[in-house]
Amino acid sequence: MEETVDDPPTSAVLLDHCHFSQVIFNSVEKFYIPGGDITCYYTLTQHFIPRRKDWIGIFRVGWKTTREYYTFMWVTLPVDLNSESAKQQEVQFKAYYLPKDDEYYQFCYVDQDGVVRGASIPFQFRPENEEDILVVTTQSEVEEIEQHNKELCKENRELKDSCVSLQKQNSDMQATLQKKQEELETLKSINKKLEQTMKEQKDCWEIELLQLKEQNQKMSSENEKMGVRVDQLQAQLSNQGREMEKLVQGVQDKTEQLEHLKEENGQLFLSLTEQREHQKKLEQTVEEMKQKETTAAKKQQELTDQNMDLSKRLSENMIIHDVLQREKEKMEKENDYLKRENNRLLSYMGLDCDSLSYQVPSSNQGGTRQDPGLVFGNPYSGIQESSAPSLLSIKKCPTCKSDFAADVFDHNLALEQHLQTLSLNCPICDKTFPAKEKQIFEDHVFCHTL
């Protein structure tokens with residue numbers, strides 16, 4: 001393991017706590033030739049913000065913590081994080097610091113907290129061999145590749161149909177969202193008008209209540225004065241009763257005066273009764289106003305609850321819109337990947353994209369015997385058959401290039417079982433990925449958790 005003057009920040013965080021989908025490594029080769037510098041290309045996702053002490057290290061496959069790096073390079077912070085060019089970054093590793101063995105390694109992006117934010121596919125440091133270039137293709141393999149291409153084309157069409165459906169759903173959701181926003185604006189204006197009306201009504205009620213309180217106070221003071229007056233009249237009646245015994249001559253005048261006082265007392269009593277009834281009516285009016293105020297407060301609360309419910313629905317619709325947008329982008333990426341994979345398979349077979357039919361060459365006129373299992377003839381026709389095994393008994397896997405020594409009848413079954421072991425199935429949507437696309441498979445499964 002190489003040491004540098006300034007060691008990078010590491011941690012003992014295990015793989016289960018790392019986030020491998022925030023930084024994506026691009027154009028990673030299967031192997032690099034020793035003795036030369038290598039350039040690591042990577043892309044920063046929109047939710048990831050790089051920091052000054054972030055670094056990219058080369059780790060041997062099977063590492064457990066970020067302390068097990070072989071060598072590293074500090075990342076360069078982009079000037080403008082919002083620009084498109086800032087998302088595409090690269091670092092260069094010098095040949096002197098690279099591993100010298102042929103073990104499998106991978107690039108890992110580690111932030112300044114020592115947490116892994118992205119990892120590349122495995123690669124090796126080894127020279128290029130002619131065995132890696134020589135490819136022998138049989139008719140059965142060509143047919144299988146053609147069948148695989150047809151399936152990919154069919155899946156591509158299905159993805160396009162799904163993309164069109166998602167676009168239609170997206171437009172419908174946008175129309176619904178626009179309608180909900182208009183309804184929300186209408187409810188807000190109605191709510192504002194109701195609040196203004198309630199405020200004005202409340203001010204009027206407060207003024208009326210103050211006036212009623214003042215009238216009540218006035219009536220209470222008048223009642224107190226009337227009570228004093230009644231007490232005075234009763235005192236006068238008592239005095240007059242005592243004076244009647246002394247004033248025999250003024251009995252008639254006093255009797256008339258007494259009758260007058262009785263009439264005045266009756267009028268005062270009637271007035272007091274009317275004032276009490278008026279006070280009761282005022283109390284009933286105040287109670288009715290309180291009930292109206294309570295009803296208005298309940299109505300305002302109902303409008304507030306409706307407003308909150310509409311805001312919640314709007315937030316849910318926006319979240320659904322974001323999820324559908326991310327699914328749409330994911331489908332477009334998968335569609336592009338399938339196109340590239342299809343072109344790669346066609347170029348691997350030496351075919352053009354516009355031609356998918358192959359013809360087996362006819363027998364040589366010179367009498368040289370061709371192997372019927374080969375499409376482009378036997379490249380070993382000049383070598384004695386005793387020096388190499390029969391090509392009919394050697395089959396290659398179109399995915400991992402492994403050899404299969406089996407009969408013609410057993411080959412298809414063995415190859416099918418072998419291909420099943422080289423695929424990765426999503427446990428959520430049952431989508432199948434090749435084993436060499438483990439990073440894409442992990443990103444796909446991670447997207448289901450968002």
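A residue is called buried when its relative accessible area is under 20%, and the close-up views below, all drawn from a predicted model, use the word in that sense.

**View 1. The edge-to-face pair of Tyr 32 and Phe 123.** Tyr 32, with a relative accessible area of 11%, is buried, and Phe 123, at 0%, is buried as well. By the ring-pairing rule the model holds 19 aromatic pairs. In the pair shown here, the ring centres of Tyr 32 and Phe 123 lie 5.2 Å apart with their planes at 90°, so the arrangement counts as edge-to-face. The two partners come from distant parts of the chain, since Tyr 32 belongs to strand 2 (residues 31-32) and Phe 123 to strand 9, with their positions 91 residues apart in the numbering.

**View 2. The edge-to-face pair of Tyr 70 and Tyr 105.** Tyr 70 has a relative accessible area of 18% and is therefore buried, while Tyr 105 counts as buried at 1%. Their ring centres are 6.1 Å apart and their planes stand at 70°, so this pair, too, is edge-to-face. Again distant parts of the chain are linked, with Tyr 70 in strand 5 (residues 69-74) and Tyr 105 in strand 7, 35 residues apart.

**View 3. One aromatic cluster that takes in the residues of both pairs.** Tyr 32, Phe 123, Tyr 70 and Tyr 105 are among the members of one aromatic cluster. The cluster also includes Phe 25, Tyr 42, Phe 48, Phe 93, Phe 107, Tyr 109 and Phe 125.

**View 4. The largest nonpolar core and the strands that supply it.** This core has 20 residues, of which Phe 25, Ile 38, Tyr 42, Ile 56, Phe 93, Phe 107 and Tyr 109 touch the most other members. Two or more residues each are given by strand 1 (23-26), strand 3 (38-44), strand 4 (55-60), strand 6 (88-93), strand 7 (104-110) and strand 9 (123-125). Strand 3 contributes the most, with four residues.

**View 5. The surroundings of Ile 56, and a second core.** Setting aside residues up to four places away in sequence, Ile 56 touches Phe 25, Cys 40, Tyr 42, Thr 71, Phe 72, Met 73, Val 75, Val 91, Phe 93, Phe 107, Cys 108 and Tyr 109. A second core, separate from the largest one, comprises nine residues, among them Phe 59, Tyr 69, Phe 72 and Val 110.

**View 6. Charged side chains over aromatic rings.** Lys 53 lies over the face of Trp 74, at 5.1 Å from the ring centre. In a further example, the charged end of Arg 126 sits over the ring of Phe 31, 4.4 Å from the centre of that ring.

**View 7. Glu 341 in helix 2.** Glu 341 is placed in helix 2, which covers residues 251-348, and at 14% relative accessibility this glutamate counts as buried. A polar contact of 2.6 Å joins the side chain of Glu 341 to that of Arg 344. When neighbours within four places in sequence are left aside, Glu 341 is in contact with Lys 436 and Glu 437.

**View 8. The whole chain, for orientation.** The protein chain has four helices and 13 strands, and 27% of its 450 residues count as buried. Among contacts between residues at least 6 apart in sequence, 64% join residues at least 24 apart. The accessible surface comes to about 31200 Å², with 52% of that area belonging to carbon and sulfur atoms.

Definitions and conventions:
Residues are numbered from 1 along each chain as its sequence is written. This is a predicted model: local features need pLDDT of at least 70, side-chain atom pairs count only at pLDDT 80 or more; totals for chains, interfaces and linings use all residues. Side-chain values use heavy atoms; hydrogens and water are left out. Buried means under 20% relative accessible area, exposed over 50%, partly exposed in between (1.4 Å probe, protein chains only). Contact means heavy atoms within 4.5 Å. Accessible areas come from the Shrake-Rupley method with a 1.4 Å probe; for residues, only the protein chains shown count as cover. A nonpolar core is a set of buried Ala, Val, Leu, Ile, Met, Phe, Trp, Tyr and Cys residues joined through side-chain atoms within 4.5 Å. A polar contact is a pair of N or O atoms within 3.5 Å; within protein, one must be able to donate a hydrogen and the other to accept it, and residues adjacent in sequence count only if both atoms are side-chain atoms. Rings of Phe, Tyr and Trp (its six-membered ring) pair if their centres lie within 6.5 Å; planes under 30 degrees apart count as stacked, over 60 as edge-to-face and the rest as tilted. A charge sits over a ring if NZ of Lys or CZ of Arg is within 6 Å of the ring centre and within 35 degrees of the ring normal.
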